[in-house]
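Hello,

Here is the structure I promised to pass on to you. Please have a look at it first, and then read on for what I found.

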Amino acid sequence: MAKKPEKEKKITEKKVFNMNAFKEGIGLGDQVVKEKELTWIPFKKAFHDAVGLPGVPRGYTTQFRGFSDVGKSTGIYETIAGAQKLGDFIVIIDTEGSFNWEHAKLVGFKFEEIADEDGVVVNHIGDDFLYIGGSDLLDMFRNYDYSKSEMTKNSLRNIPVIEDVARLMNVILDKQDAGELEKNITFCWDSIGSISCYQSAVSNSNNNQWNAGALKRSFESILNFRIPASRREKAKYINTFVAVQKIWLRPNQIGQPTIMHNGGEGFKYGVRMIFHMGGKSTSSAKKLDAVNGGRKYQFGVRTDIECTKNHVNGIELMGSICSTPHGFINPDEKNAYIKENVAFINKKLGTNFEDFQVVEEEMSEEDYSK
């Protein structure tokens, strides 16, 4: 029996995968992952001497942490003075109520003072910065219901809350995206843990777990997206966030106590750089006094400073630094500092001495309570 002729097999060409077409198909479009060159908000040279870094990195979130009175807020003053030199728009968020305009001016921050008819300074203004205190946050958002994410007609509380800070930052970043603020932005918050959350405020009870949860939820997108996204090459602006946070110690049954952060651990994993100031079990700071004729003026504190987290360039060093009204100085330069600032110290003391002796001594409980 004759064999049937075999059917010819069709040869189909294998479809070539097109990555560009695939990206367009999922809505990704033209992708640019390259980041901008690393730049820094410059601090005084003493900061570099201590930790090997020129300041705080732009396009990241940086945290200064430690016990009370170890010079953490000087990191804020150095930041705003350095950012102003770079031409950034600066947003100062002062929920602790301790921002010192004289200190900021002495470090190098420039602003205009507005006085009343009696010559009393009543405001500080400038086109390149925005100061927001706790009462300002309350004025802006006291009618906002964070449980429903809507603005109401009536006031819901009498104190600012954690969520207000995040909302303020998002509002300003939205203005930048809309082209209404055509500048790089540096946000500075002093300090985390100084206010409670919305739920605590409306229930008239300060619940630490509520506060910690609100901190994490409110700032998650800011820490993990809105600030770092500005580092992308295609981003028009580069934005920076610097915050201060106090710490406390949680006892352990075995080994050393664990360092915990006031207000919660929401920033611990989101920040890219952490500077720990002072000791890790006690403050370990020493106060610096300018002394003459039985009169003395505390012109600063000397403390250890360590970069305990650096996901920017990996440098993690520890050194010693002095925090003064004029910013950070190298401990080796403390004698030269008081010689250069004799007039300033005399004005504070109401004296007319030609020179002062530097006395370094341990901080007392009374000093910490001031």
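To start with, which residue follows α6, and what is the sign of its phi? The residue after α6 is G179, with a positive phi near 85°. Please keep in mind throughout that this is a predicted model.

Staying with that helix, α6 covers residues 162-177. Its 16 residues should span 22 Å at 1.5 Å a residue, and the end C-alpha atoms lie 23 Å apart, so the expected and modelled lengths agree. The buried residues of α6 include the nonpolar side chains I162, V165, L168, M169, I172 and L173. Also on the list of buried residues are E163, D164, A166, N170 and Q176.

Now for the chain as a whole. Its secondary structure comes to 11 helices and 18 strands. The radius of gyration is 26 Å, whereas the globule rule gives 21 Å for 370 residues; the chain is therefore more spread out than a compact globule. Along the principal axes, the C-alpha atoms fill a box of roughly 130 × 50 × 50 Å. Buried residues make up 46% of the 370 in the chain. If you take the contacts between residues at least 6 apart in sequence, 66% of them join residues at least 24 apart. The accessible surface amounts to about 20,300 Å², and carbon and sulfur atoms account for 48% of that.

The salt bridges are worth a look too. There are 20 of them in the structure, and I picked out three for you to inspect.

One pairs K286 with E362, whose closest N and O atoms are 3.9 Å apart. This pair links distant parts of the chain, since K286 belongs to strand β14 (residues 286-292) and E362 to strand β18 (residues 357-362), 76 residues apart. E362 has a relative accessibility of 53% and so counts as exposed, while K286, at 32%, counts as partly exposed.

Strand β18 takes part in another such link, through E361. Here the partner is K296, with 3.5 Å between the closest N and O atoms. K296 sits in strand β15 (residues 295-310), and the two residues are 65 apart along the chain. Both ends of this bridge are partly exposed: K296 has a relative accessible area of 47%, and E361 comes in at 28%. The pair also belongs to something wider, as salt bridges with shared partners join K287, D289, K296 and E361 into one network.

The third bridge is between the side chains of D139 and R142, at 3.9 Å from N to O. D139 counts as exposed because its relative accessibility is 54%. R142 is partly exposed, with a relative accessible area of 25%.

One last thing, towards the start of the numbering. F17, M19, F22, I26 and L28 make a nonpolar surface patch of about 530 Å². Within this patch, M19 has its place in helix α1 (residues 19-25). M19 counts as partly exposed, at 43% relative accessibility.

Have fun looking around, and write back with any questions.

Best wishes

Methods
Residues numbered from 1 in each chain as written. Predicted model: local features only at pLDDT ≥ 70, side-chain atom pairs only at ≥ 80, totals over all residues. Heavy atoms only, no water. Salt bridge = Lys/Arg side-chain N within 4 Å of Asp/Glu carboxyl O. Buried < 20%, exposed > 50% of the residue type's maximum accessible area, 1.4 Å probe, protein only. Helix = DSSP H or I, 4+ residues; strand = E, 2+ residues; numbered from the N terminus. Patch = residues over 30% accessible without salt bridge, like charges linked within 9 Å, V, L, I, M, F, W, Y side chains within 5 Å. Areas by Shrake-Rupley, 256 points an atom, 1.4 Å probe, with all protein chains shown as cover. Rg over C-alpha atoms; globule rule 2.2 N^0.38 Å. Contact = heavy atoms within 4.5 Å. Expected span 1.5 Å × (residues − 1).
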